[in-house]
Amino acid sequence: MASGHISTGRIAENRKARHEYEIEDRIEAGLILLGSEVKSLRTGRASIAESYAGEDSGRLMLFNANIPIYEPARANHEPKRPRELLVKTRERNKLLGLIRREGMTLVPLSLYFNDKGVAKISVGLAKGRKKQDKRQAAKDRDWGRDKARLLRGKN
């Protein structure tokens with residue numbers, strides 16, 4: 001980058017996650033990426049909509065995240081390859097324990113560059129919602145919106 005500008009901000013977001021899952025906790029994790037993947041992310045082209053996080057040989061991994069090929073690169077990457085997530089050992093052990101014992105799921109929520117220009121991913125510790133729970137959550141959200149509209153109208 002000739003301009004010296006570090007791109008920051010959101011790259012990709014998983015909008016369906018809040019609908020499909022009850023998010024109980026959020027964790028920020030780093031990612032082990034190749035150079036061509038970072039370049040591709042800087043162009044803002046990535047998708048985490050159908051991705052998930054899980055365990056592979058005791059490591060926390062991000063599966064099925066799509067980071068497209070960066071054409072100008074000499075050595076390119078596999079777009080949907082598994083990528084290791086970087087978290088502290090104690091936190092990793094806690095998360096893996098919750099996944100194994102309590103049937104929790106790690107859902108990627110958003111992929112972004114922090115203020116230092118480092119790629120990070122926000123992962124939610126979640127429980128799956130049943131169809132009825134999804135309907136109730138939609139009703140609650142709509143009622144909250146209508147209530148705010150009514151209160152604004154009275155002022």
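**Architecture, core and loops of the predicted model**

From the N terminus on, the elements of the protein chain follow the order β-α-β-α-β-β-β-α-β-β-α. The structure described here is a predicted model. In total, the protein chain holds 4 helices and 7 strands. Of its 155 residues, 35% count as buried. Among the contacts in the protein chain with a separation of 6 or more, 66% are made by residues 24 or more positions apart.

The interior was examined next. In soluble globular proteins, nonpolar side chains tend to be buried together. The largest nonpolar core of this model comprises 25 residues, of which L31, L41, L85, L106, L111, I121 and L125 touch the most other members. Two or more residues of this core come from each of β1 (9–13), β2 (21–31), β4 (59–63), α3 (89–102), β6 (105–113) and β7 (119–128). The greatest contribution is that of β7, which supplies 4 residues.

One of the core residues that touch the most other members is L31, which belongs to strand β2. L31 has a relative accessible area of 12% and is therefore buried, the limit for this class being under 20%. When residues up to four places away in sequence are not counted, L31 touches L62, R83, E84, L85, L86, L111, A119 and I121. L85, L111 and I121 are, like L31, among the core residues that touch the most other members. The contact with R83 joins distant parts of the sequence: L31 and R83 are 52 residues apart along the chain, yet their C-alpha atoms are 6.7 Å apart in space.

A further residue of this group, L41, is found in helix α2, which spans residues 35–42. The buried residues of α2 are S36, E37, S40 and L41. Viewed down the helix axis, these buried residues fall within an arc of 140°, so they line one face of α2. The general geometry of such helices is relevant here. An α-helix has 3.6 residues a turn, so residues three or four places apart point the same way. With its neighbours within four places in sequence left aside, L41 is in contact with I11, L33, A46, I67, L111, F113 and A119. L111 and A119 also appear among the residues touched by L31. Another residue of the α2 range, R42, places its charged end over the ring of F113, at 4.2 Å from the ring centre. A search of the whole structure for aromatic pairs finds 1. Helix α2 is followed by G44, which has a positive phi, near 85°.

Strand β6 also contains S110. The relative accessible area of S110 is 5%, so this residue is buried. Apart from neighbours within four places in sequence, S110 is in contact with R10, A12, E13, I48, K120, I121 and S122. Of these contacts, R10, A12 and E13 lie within the range of β1, while K120, I121 and S122 lie within that of β7.

The loop between β6 and β7 contains both N114 and D115. The two residues differ in accessibility: N114 is buried, with a relative accessible area of 16%, whereas D115 counts as exposed at 73% relative accessibility. A polar atom of the N114 side chain lies 3.0 Å from the backbone nitrogen of K116. D115 and G9 are 106 residues apart along the chain, and their C-alpha atoms are separated by 7.9 Å.

Backbone angles in two other loops were also considered. Most residues other than glycine have a negative phi, and most peptide bonds are trans. S57, in the loop between β3 (52–56) and β4, has a positive phi near 55°. With a relative accessible area of 70%, S57 is exposed, because this value is over 50%. N64, in the loop between β4 and β5 (83–86), likewise has a positive phi, near 65°. At 27% relative accessibility, N64 counts as partly exposed.

Key. Residues numbered from 1 in each chain as written. Predicted model: local features only at pLDDT ≥ 70, side-chain atom pairs only at ≥ 80, totals over all residues. Heavy atoms only, no water. Buried < 20%, exposed > 50% of the residue type's maximum accessible area, 1.4 Å probe, protein only. Arc of directions from axis to C-beta. Phe/Tyr/Trp six-rings, centres within 6.5 Å; stacked < 30°, edge-to-face > 60°. Lys NZ or Arg CZ within 6 Å of the ring centre and 35° of its normal. Core = buried A, V, L, I, M, F, W, Y, C linked by side-chain atoms within 4.5 Å. Contact = heavy atoms within 4.5 Å. Polar contact = N/O pair within 3.5 Å; in protein donor to acceptor, adjacent residues only side chain to side chain.
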